[in-house]
Amino acid sequence: MATVGFVGLGNMGGALAANLVQRGHHVVAYDSAGPGRMPTGAAACKDVAEVARRAGTVVLSLPDGDVSEKVAREITDAAARRTAYVVDTSTVGVTAARRVADLLAERGIGHADAPVSGGVAGARARTLTIMYAAPDETCAAVEPLLGDLSDRRRRVGDRAGMAQALKLANNFLSATALAATSEAVAFGRAAGLDPAEMLEVLNASSGRNGATEDKFPRHVLTGHYDSGFANSLMAKDVGLYLRAVGELGGPDEVGTLIGALWQRFADAEPGADFTRVHRFVEATKRSDR
């Protein structure tokens, strides 16, 4: 198979890069933290420029739009560059995705806006959802690679920013469900209910959601709080959602409340797993009495 480049080997990026190795790709990768997170079977590069010189397609998994734009510039500026396509799986927001796509297009590089949802466990199990948007020619070139990243994929548009919009809407709903479920379980506990029994009934009723079905059983009630997704990233994503809503003039009454809660949590416990918002909500309730 052709050589594939990968930039960004954090929790999600490392799992995605490993999927490519397992599917038989020759993966060359770079991570700003050094080669320590390199998946077994991948070759380490000294910088982004080396990745661009060796790989025809480069996958990005980065923390925000500023970093994605910086890496895109390093790809376009690389001497003897081979890269013809960039697949950005990062959650960067609508405006940043369009900016990165325009930057790459100026140098003849195709861009696929391809954020992912499903967590690190989903990436490892290949149940991660990849929502992607790109012109037809770019899609035709990168869709086989997307299939090697995950078994679940959906094209949602033909231009950069459209997949980001869907990802931001998804993460806003995820953030809302987890915060609201945290309050509901705190209420039930105060009334003498058993949280595990609450979840069984909720999941057979109209209150079920991703938090009651997955986050609480796997990460909250177990006390593990190990989803692999930081509260600072969720606060960032909800902030991007609210910024995009503001640009489009949409409703934001619920979003403003949820965004404020997640920002308070991120400020109080920087870098904590986002499922620990349950403990934060419970502590806030107690302190307000």
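Okay, let's start with Asn-171, which sits in helix 7. Keep in mind that this is a predicted model. So, is Asn-171 buried or exposed? Its relative accessibility is 5%, and because the cut-off for buried is under 20%, Asn-171 counts as buried. And what does Asn-171 touch, once we set aside its neighbours within four places in sequence? The contacts are Phe-229, Met-234 and Asp-237.

Now on to helix 8, which covers residues 195–202. Which of its residues are buried? Those are Pro-195, Met-198 and Leu-199. Looking down the axis of helix 8, you find these buried residues within an arc of 95 degrees, so they line one face of the helix. If you want the general picture behind that, an α-helix has 3.6 residues a turn, so residues three or four places apart point the same way. Over on the other side of helix 8, we have Glu-200 and Val-201, and those are exposed.

What covers the buried residues of helix 8? The cover includes helix 7, running 162–190, and helix 9, running 210–220. Helix 7 is where we began, of course, with Asn-171.

Last topic, the cysteines. Cys-45 has 8% relative accessibility, so we call this one buried. Cys-139 is buried too, with a relative accessible area of 1%. And how many disulfides turn up in a search of the whole structure? Zero. Just as a reminder, a disulfide is a covalent bond between the sulfur atoms of two cysteines. So for Cys-45 and Cys-139, what I can show you is burial, with zero disulfides found anywhere in the structure.

That's it from me, thanks.

Technical notes:
Residues are numbered from 1 along each chain as its sequence is written. This is a predicted model: local features need pLDDT of at least 70, side-chain atom pairs count only at pLDDT 80 or more; totals for chains, interfaces and linings use all residues. Side-chain values use heavy atoms; hydrogens and water are left out. Buried means under 20% relative accessible area, exposed over 50%, partly exposed in between (1.4 Å probe, protein chains only). Helices (H or I, at least four residues) and strands (E, at least two) are DSSP runs, numbered from the N terminus. The arc is that of the directions from the helix axis to the C-beta atoms. Contact means heavy atoms within 4.5 Å. A disulfide is a pair of cysteine sulfur atoms within 2.5 Å.
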